[in-house]
Amino acid sequence: MNIEIKERNGSYYGVLTGWIDTAVATQFLDDLTPLMDKADRSIVLDCEKLDYICSLGLRGLLKLKKESAARGGSLVLTHVEGEVLKIFTMTGFFKLFDIR
């Protein structure tokens, strides 16, 4: 699992890569901490290279979404496809996020 975050014109853009399973979920949550601090801004997470996400990973994204909503920011997920799309659909998370 890898998350690469860059700032672009006051917004934040991240690329999620690999597997977010229970073995790395705690690290993933730690990696999201800088974005929590910037939740008053626009955040876009690209999931094109994300192969899998576990329930703890979903929880981290939901926490980021709630923090963004509370602070007046936004969270958009892009390229949610394949196995990750199946997981989002089965869990109902597809309805909770702005997915493009």
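**Exercise 1. In which helix does S68 lie, and is S68 buried or exposed?**

Solution. Step 1: in this predicted model, S68 falls within helix α2, which spans residues 55-71. Step 2: the relative accessible area of S68 is 1%. Step 3: buried means under 20% relative accessible area, so S68 is buried. Step 4: once neighbours within four places in sequence are set aside, the contacts of S68 are A39, I43, G73, S74 and L75.

**Exercise 2. Across which strands does α2 lie, and at about what angle to β3 does α2 run?**

Solution. Step 1: the strands beneath α2 are β2, β3 and β4. Step 2: the angle between α2 and β3 is about 170°. Step 3: for α1, the strands crossed are β1, β2 and β3, and the angle to β1 is about 5°.

**Exercise 3. Give the strand order of the sheet and name its edge strands.**

Solution. Step 1: the sheet is open, has five strands and follows the order β1-β2-β3-β4-β5. Step 2: β1 and β5 (98-99) each pair on one side only, and these are the edge strands. Step 3: the pairing in the sheet is mixed, as the individual pairs show.

- β1 (residues 2-8) and β2 (residues 11-20) are antiparallel and share seven bridges; here N2 faces T17 of β2.
- β2 and β3 (residues 42-53) are parallel, with eight bridges; Y13 is opposite V44 of β3.
- β4 and β5 are parallel, with two bridges; L77 is opposite I99 of β5.

**Exercise 4. How many residues separate the strands of the β1 and β2 hairpin, and which residue there takes a positive phi?**

Solution. Step 1: two residues lie between the strands. Step 2: N9 has the positive phi, near 50°.

**Exercise 5. What is the handedness of the β-α-β unit that contains α1?**

Solution. Step 1: the unit consists of β2, helix α1 (residues 25-37) and β3. Step 2: the unit is right-handed.

**Exercise 6. Which residues of the largest nonpolar core touch the most other members, and which element gives the largest share?**

Solution. Step 1: the core has 25 residues, and those touching the most other members are L45, I53, L61, L64, L77, F88 and F97. Step 2: two or more residues come from each of β2, α1, β3, α2, β4 (74-78) and α3 (82-91). Step 3: β3 gives the largest share, five residues. Step 4: F97, taken as an example, touches L61, L62, K65, L75, L77 and F88 when residues up to four places away in sequence are not counted.

Conventions: Residues numbered from 1 in each chain as written. Predicted model: local features only at pLDDT ≥ 70, side-chain atom pairs only at ≥ 80, totals over all residues. Heavy atoms only, no water. Pairing = 2+ DSSP bridges. Helix = DSSP H or I, 4+ residues; strand = E, 2+ residues; numbered from the N terminus. Right-handed = clockwise from strand over helix to strand, strands pointing away. Buried < 20%, exposed > 50% of the residue type's maximum accessible area, 1.4 Å probe, protein only. Contact = heavy atoms within 4.5 Å. Core = buried A, V, L, I, M, F, W, Y, C linked by side-chain atoms within 4.5 Å. Axes fitted to C-alpha atoms, helices over the stretch in contact; angles between N-to-C directions.
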